[in-house]
Amino acid sequence: MLVIKKIARELVEKTKVLSKKEQEKVIRSYVYSLGSRGLSKYFSRLINEVQKLQTTNYKLPTIIQSAHPLDKKTLSHLEKELHATYGDIEIEVKEHKELLGGIRIKVGDTLIDATLRNRLKKLQSQLVTSH
């Protein structure tokens, strides 16, 4: 049963950014693919878990990492923008000195890397390929 819950959570997370119609289409497709693998006995349990997560006001896990503490205004702005894009989210803020500057945001399995370290790596790569 633990595996069913994990699969249901992943389905809900991966389809959270889609419209309800698209969510149903993707989830239905996945559930039917279980049948082609001889796993049709799990249909009802998986569908029940997905519906339970969708109706319990599931919030997409979101981690905001920064090199330095973010002020309330910046954090509020980020939260508003992320909510507008991804819907209900649960934010956890972490401080990581190794980022040097900027922020890195992980929403579900989507990564937004706006760190100074990442920008320097991109610049280095551009310089190396241009020579």
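Leu 53 has its place in helix α3, in what is a predicted model. With a relative accessibility of 11%, Leu 53 counts as buried, because buried here means under 20% relative accessible area. If residues up to four places away in sequence are not counted, Leu 53 touches Ala 8, Arg 9, Val 12 and Tyr 58. Leu 53 and Leu 11 stand 42 residues apart in sequence, and their C-alpha atoms are 10.0 Å apart in space.

One of the residues that Leu 53 touches, Ala 8, can be described in turn. Ala 8 lies in helix α1, which covers residues 2-15, and it is buried, with a relative accessible area of 0%. Residues up to four places away in sequence again left aside, Ala 8 touches Leu 46, Glu 49, Val 50 and Leu 53. The C-alpha atoms of Ala 8 and Gln 124, on the other hand, are separated by 41 Å, and these two residues are 116 residues apart along the chain.

**Helices α2 and α3**

Two packed helices are described by the angle between their axes and the distance between the axes. The axes of helix α2 (residues 20-36) and helix α3 (residues 43-55) come within 10 Å and cross at roughly 155°. An angle over 145° counts as roughly antiparallel, and therefore α2 is roughly antiparallel to α3. The crossing of these two helices, α2 and α3, is right-handed. On the side of α2, the contact is made by Gln 23, Ile 27, Tyr 30, Val 31, Tyr 32, Leu 34 and Gly 35, while α3 contributes Phe 43, Leu 46, Ile 47, Val 50 and Gln 54. Sorted by character, the residues of this contact between α2 and α3 comprise 9 nonpolar, 3 polar and no charged ones.

**The sheet and its helices**

An open sheet is formed by 4 strands, which follow one another in the order β2-β1-β3-β4, and the pairing among them is mixed. The edge strands are β2 (89-95) and β4 (110-115), each of which pairs on one side only. On average, and with direction ignored, neighbouring strands of this sheet are turned by 15° against each other. The pairings can be set side by side, each with one pair of facing residues.

| Strands | Sense and bridges | Facing residues |
|---|---|---|
| β1 and β2 | parallel, 7 bridges | Ser 66 and Glu 95 |
| β1 and β3 | antiparallel, 5 bridges | Gln 65 and Arg 104 |
| β3 and β4 | antiparallel, 6 bridges | Val 107 and Thr 110 |

Strand β1 covers residues 60-66, and strand β3 covers residues 102-107. Of the 7 residues of β1, 5 are buried, so this strand is largely enclosed by the rest of the structure. In a regular strand the side chains alternate between the two faces of the sheet.

Helix α4 (residues 72-86) packs on the sheet, where it touches β1, β2, β3 and β4, and the direction of α4 makes about 140° with that of β2. Helix α5 (residues 116-130) lies across β3 and β4, and runs at about 80° to β4.

**Two residues with a positive phi**

Most residues other than glycine have a negative phi, and most peptide bonds are trans. Where in the sheet does Gly 108 take a positive phi? Gly 108 belongs to the hairpin of β3 and β4, which has 2 residues between the strands, and its phi is near 60°. Leu 100 also has a positive phi, near 70°, although Leu 100 is a residue other than glycine.

Leu 100 lies in the loop between β2 and β3. Is Leu 100 buried or partly exposed? With a relative accessible area of 45%, Leu 100 is partly exposed, because this class lies between the limits of 20% and 50%. Residues up to four places away in sequence not being counted, Leu 100 touches Ala 67, His 68, Leu 116, Arg 117 and Leu 120. From Lys 6, by contrast, Leu 100 is 94 residues away in sequence and 35 Å away in space, C-alpha to C-alpha.

Note on methods:
Residues are numbered from 1 along each chain as its sequence is written. Side-chain values use heavy atoms; hydrogens and water are left out. Axes are lines fitted to C-alpha atoms, for helices over the stretch in contact, and angles run from 0 to 180 degrees between N-to-C directions. Angles under 35 degrees count as roughly parallel, over 145 as roughly antiparallel, 65 to 115 as roughly perpendicular and the rest as oblique. A crossing is left-handed if the near helix is turned anticlockwise from the far one by less than a right angle, and right-handed if clockwise. Contact means heavy atoms within 4.5 Å. Ala, Val, Leu, Ile, Met, Phe, Trp, Tyr, Cys and Pro count as nonpolar, Asp, Glu, Lys and Arg as charged, and the others, Gly among them, as polar. Buried means under 20% relative accessible area, exposed over 50%, partly exposed in between (1.4 Å probe, protein chains only). Two strands pair if DSSP finds at least two bridges between them.
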